[in-house]
Amino acid sequence: MKNRFFTLLLLAASTHAAALESVSLQLRWTHQFQFAGYYAAVEKGFYQEAGLDVTLLPNGPDKKLNTIETVLQGDADFGVANSGLVSVRVKGEPVVALASIFQHSPIVWLVTDPNIRTIHDLVSKRIMIQLPPYESIELLAPFIAEGIAHESLNLIQTSFSVDSLINGETDAFNAYTTNEPFYLLQHGVTFHTISPRTYGIDFYGDVLFTTEKTLSEKPKLVQRFRDASLKGWQYAMEHTDEMIELIHRKYAPHKSIEHLHYEASRMQRLILPQLVEIGHMNPGRWQHIAQVHASFGLIPAEFDLSGFLYDPTPKSNTWMFYLIIAASALAAVVFLMTSARYYKLSRRLMLEISNRKKIEAKLHKLVLTDYLTGVRNRRHFYQAADTEHQRFERYHHQYALVIVDIDYFKRVNDDYGHLEGDKVLYQVAMILQNEARKPDTVARIGGEEFVYLLPETSLEEAQIIAERVRKQVEATTILLDDGRTISVTVSIGIAIATKQDQQFEQVLTRADQALYKAKAEGRNKVCLSH
C-alpha cells in the first residue's frame with residue numbers, strides 16, 4: 001500500500017511537470033544581478049505558477065551570441081536586447097518588444113586617459129563598441145548630437161573585457177555602468193565615465209522581446225511569460241539581499257558578494273522600481289529612439305513601428321473603450337445644457353484635482369523620504385549625488401560630502417529600547433535639517449548614518465557646518481517617555497570632490513575613511529579627507 005502511494009505521488013508529479021510548457025530565454029551576458037528578475041521568477045515559482053518550464057541561457061565572452069539573431073533563428077523563444085531592437089524591426093525582422101527592464105540604459109564609455117573628458121576628445125582615438133552598429137547606437141548618437149562626423153571615429157569591435165582598457169589596447173571601452181566600473185575601482189584604476197545621457201541620449205536598456213511568430217501562435221504563453229517575468233523583477237528589486245545571496249550561491253559564484261551589491265545598487269537607479277512600473281514602455285520614446293537610429297543612417301528616415309510594441313491589454317476589451325467614449329460624450333452634452341449643473345460639477349472637479357495633487361505630492365514625498373526621520377532616503381541621496389557629480393565634471397562646481405554617524409548607537413537601543421532609539425534618530429535628523437542650507441541635501445543612508453551633500457562648498461566651509469552640527473548634537477538633551485534623559489555625540493567625516501574622482505563613489509569612500517578616522521581618534525570628532 002505504501003509503495004503504491006509513492007508511485008501515485010511520483011505519477012502526479014511527473015504529470016504536473018509534463019503539463020508545463022517549455023520555453024527558453026536568451027540572456028545578454030553571463031549570469032549576474034543584471035538578470036535577477038528572471039532568477040526570481042524561476043526560484044520563487046512564478047514561471048511554474050504560469051504553467052511554464054523556463055530555461056535561462058547565459059551568454060558571455062566565450063559565446064558572444066547576438067541575442068536577437070538567436071531568437072530569430074529559433075534557438076530561443078525569448079531574448080534580452082538593447083534599444084537597437086527597434087532598428088532590427090524597421091529593417092523588416094519580426095521582433096516584438098514585450099517590456100523594458102531598464103528605464104535608463106546602463107551603457108557608457110570608460111576611459112583612463114586624463115586628457116579624455118568628453119566625446120570630442122574621442123575623435124581619432126581607438127573606440128571599442130559592440131558591432132553591428134545598432135548594438136551601440138546610444139554610444140554613437142552623441143557624436144551626431146555634437147556634430148562630429150562618423151568618418152572621424154576609429155571604431156573597433158569590442159573585446160568584451162575591460163582589461164583591454166587597462167592594458168592600453170583601446171582608448172575608450174564600452175561598458176555597463178552597473179558592472180565594469182566596480183572592477184576598475186577594485187583594482188585601483190583611475191577612470192572617467194562618459195555617459196550618453198550627458199548629451200541628451202537616454203535610451204531603454206535590457207528589453208525583453210520575442211517574435212511575431214511566437215506571439216501569433218502562442219499569445220497566452222507570451223502574456224504568461226511576460227507577467228511572470230515582471231513579477232520576478234518586482235520581487236528581485238524588493239529583496240535584493242536575498243537575491244544577491246542566491247545568485248552568488250547558484251548562478252554566479254564567480255562574482256563576489258560586494259560586486260553583486262554594487263550591481264544591484266546601480267540598477268536601482270536605472271530601473272527606478274519605486275517611481276516607474278517595471279517593464280513600462282512609452283511609444284513616443286521608442287519613436288524618438290528610432291529617429292536617432294535614422295539620423296545615423298541605420299534605418300530609413302520614414303519608418304513604421306506598427307506591431308513593434310506588445311499590447312498586454314486583451315483585445316476583447318476594445319468595446320469597453322468605445323462604450324466609455326460614448327458615455328463621456330453623453331455626459332458632455334448634459335454638462336453643456338445645464339449651466340447650474342456645470343457650476344456644481346466644475347467645483348467638484350476642481351476639488352477632486354486639488355485632492356489628487358495633494359495625494360500625488362504625499363506619494364512623491366514618501367518615495368523620496370526616510371519614513372522614520374523625515375529627511376531624504378538613500379535612493380534620493382544617490383540620485384542627487386549622481387546629478388551633482390555630473391555637474392561637477394561638466395562645470396567644475398565644487399561640492400562637499402559630509403557623513404555623520406551617531407556614536408555608540410547600539411548601546412542606546414540595548415539600554416533604552418528601539419522606540420527610544422528611534423527618538424534619538426529623529427532628534428539628530430532634525431538638528432541636521434535645521435543646520436542645512438537651502439540647496440543642501442540631508443539624507444539617512446543607514447541605521448544611524450546620515451549624510452550632507454553640500455553644493456558649491458569648500459572643505460573649510462564644510463568643516464564649519466560639520467562642527468556646528470557636532471556641537472549642537474552634543475549639547476542636546478533628549479527626553480524619554482519614562483522621564484529619563486539621554487545625550488549622544490556624533491563622529492563626522494568630510495571629503496570634497498576633486499578632478500581625480502571619476503565617480504561619486506570615490507568621494508563617498510574618502511568621506512567614509514575620514515569618518516572611521518574620527519571614530520578611531522575617540523569619536524565626537526570631525527575629520528577631513530585631504
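Start by selecting His380, which sits in helix α16, residues 378-395. The model is a predicted one. His380 has a relative accessibility of 16%, and because buried means under 20%, this residue counts as buried. Show what surrounds the side chain next: beyond the neighbours within four places in sequence, His380 is in contact with Leu368 and Thr441.

Now move to helix α11, residues 240-251. Which residues of this helix are buried? Select Thr240, Met243, Ile244, Leu246, Ile247 and Tyr251. Look down the axis of α11: the buried residues fall within an arc of 170 degrees, so they line one face of the helix. The spacing has a general background: an α-helix has 3.6 residues a turn, so residues three or four places apart point the same way.

Keep α11 on screen and add Asp241 and Arg249; both are exposed and lie on the face turned away from the buried side. Then display α2 (36-43), α10 (219-238) and α12 (257-271), the helices against which the buried residues of α11 pack.

The last stop is strand β2, residues 52-57. Colour Leu52, Val54 and Leu56 in one colour: these side chains point to one face and are buried. Give Asp53, Thr55 and Leu57 another colour; they point to the other face and are not buried. In a regular strand, side chains alternate between the two faces of the sheet.

Finally, add strand β1, residues 21-26, which runs parallel to β2 and is joined to it by six bridges. To see how the two strands line up, select Glu21, which stands opposite Leu52 in β2. Leu52 is one of the buried residues already coloured.

Methods. Residues are numbered from 1 along each chain as its sequence is written. This is a predicted model: local features need pLDDT of at least 70, side-chain atom pairs count only at pLDDT 80 or more; totals for chains, interfaces and linings use all residues. Side-chain values use heavy atoms; hydrogens and water are left out. Helices (H or I, at least four residues) and strands (E, at least two) are DSSP runs, numbered from the N terminus. Buried means under 20% relative accessible area, exposed over 50%, partly exposed in between (1.4 Å probe, protein chains only). Contact means heavy atoms within 4.5 Å. The arc is that of the directions from the helix axis to the C-beta atoms. Two strands pair if DSSP finds at least two bridges between them.
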